[in-house]
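Student: Can you walk me through this model? I'd like to go over the fold, then the turns, then the packing.

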Amino acid sequence: MSKYHCVICGNLIKPTDSDFFVGENVVFAVVKETTKSTKISTKTGRIEWVKEGYAGVRSGKKIFTRAFNKLHPADAPSPLTYILGKLCECEVPNHG
Ligand SMILES: [Zn+2]
């Protein structure tokens, strides 16, 4: 069981702000705009710093600044899983 699954109901637990800390690996989107098109790709990086709801994420040689709500923990189920799956509604989620 990962910490993103409730041990009581077995359903998914959404990542919260406390899941984003220095050293955590996260997935985020990078938008490249050219005059002709907009390309969105996803990157995986490691959080270098956090400040007031934002994180600096290192991917390769670059550091990307992203709000927590634009980040997804790399070890959590994919965002699509959250859309399709059942979310934990326990009053006090209990994860392993
Ligand atoms: Zn639950």
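Tutor: We can take the fold, the turns and the packing one after another, bearing in mind that this is a predicted model.

Student: Ok, what does the secondary structure of the protein chain come to?

Tutor: The protein chain has one helix and five strands. Starting at the N terminus, the elements run β-β-β-β-β-α.

Student: And what box do the C-alpha atoms fill?

Tutor: Along the principal axes, the C-alpha atoms of the protein chain fill a box of roughly 50 × 30 × 20 Å.

Student: Back to the strands. What order do they have in the sheet?

Tutor: The order is S4-S3-S2-S1-S5, in an open sheet of five strands with antiparallel pairing. S4 (62-67) and S5 are the edge strands, each pairing on one side only. From one strand to the next, the twist averages 45°.

Student: How many bridges join S1 to S2?

Tutor: Nine bridges join S1, residues 25-33, to S2, residues 38-51. The two strands form a hairpin with four residues between them. If you want a register marker, Val31 stands opposite Ile40 in S2.

Student: What about S1 and S5, how many bridges there?

Tutor: Three bridges join S1 to S5, which covers residues 71-73, and the two run antiparallel. Val27 stands opposite His72 in S5.

Student: Now the other side of S2. How many bridges join S2 to S3?

Tutor: Five bridges join S2 to S3, residues 54-59, again in an antiparallel arrangement. Here Val50 stands opposite Ala55 in S3. S3 in turn pairs with S4 in the antiparallel sense over six bridges, and the bridge partner of Val57 in S4 is Phe64.

Student: Turns next. Which residue in the turn between S2 and S3 has a positive phi?

Tutor: Glu52, with a phi of about 45°, in a hairpin that has two residues between its strands. The hairpin of S3 and S4 also has two residues between the strands, and Gly60 takes a positive phi near 65° there.

Student: Why single out Glu52?

Tutor: Glu52 has a positive phi, near 45°, and is a residue other than glycine. Most residues other than glycine have a negative phi.

Student: Is Glu52 buried or exposed?

Tutor: Glu52 counts as exposed because it has 6 C-beta neighbours inside 10 Å, and the cut-off for exposed is 12 or fewer. Glu52 sits in the loop between S2 and S3.

Student: Changing topic: which residues make up the largest nonpolar core?

Tutor: Six residues: Phe20, Val26, Ile47, Ala55, Val57 and Leu71. Apart from that core lies another one, of five residues, among them Tyr4, Cys6, Leu12 and Ala76.

Student: What does Phe20 touch?

Tutor: Leaving out residues up to four places away in sequence, Phe20 touches Val26, Ile47, Val50, Ala55, Phe68 and Leu71.

Student: And what percentage of the protein chain do buried residues make up?

Tutor: Buried residues make up 16% of the 96 residues in the protein chain.

Student: Last one: what share of the contacts joins residues at least 24 apart?

Tutor: The share is 56%, counted among contacts in the protein chain between residues at least 6 apart in sequence.

Terms used:
Residues numbered from 1 in each chain as written. Predicted model: local features only at pLDDT ≥ 70, side-chain atom pairs only at ≥ 80, totals over all residues. Pairing = 2+ DSSP bridges. Axes fitted to C-alpha atoms, helices over the stretch in contact; angles between N-to-C directions. Buried ≥ 20, exposed ≤ 12 C-beta atoms within 10 Å, placed from the backbone. Core = buried A, V, L, I, M, F, W, Y, C linked by C-beta atoms within 7 Å. Contact = placed C-beta atoms within 7 Å.
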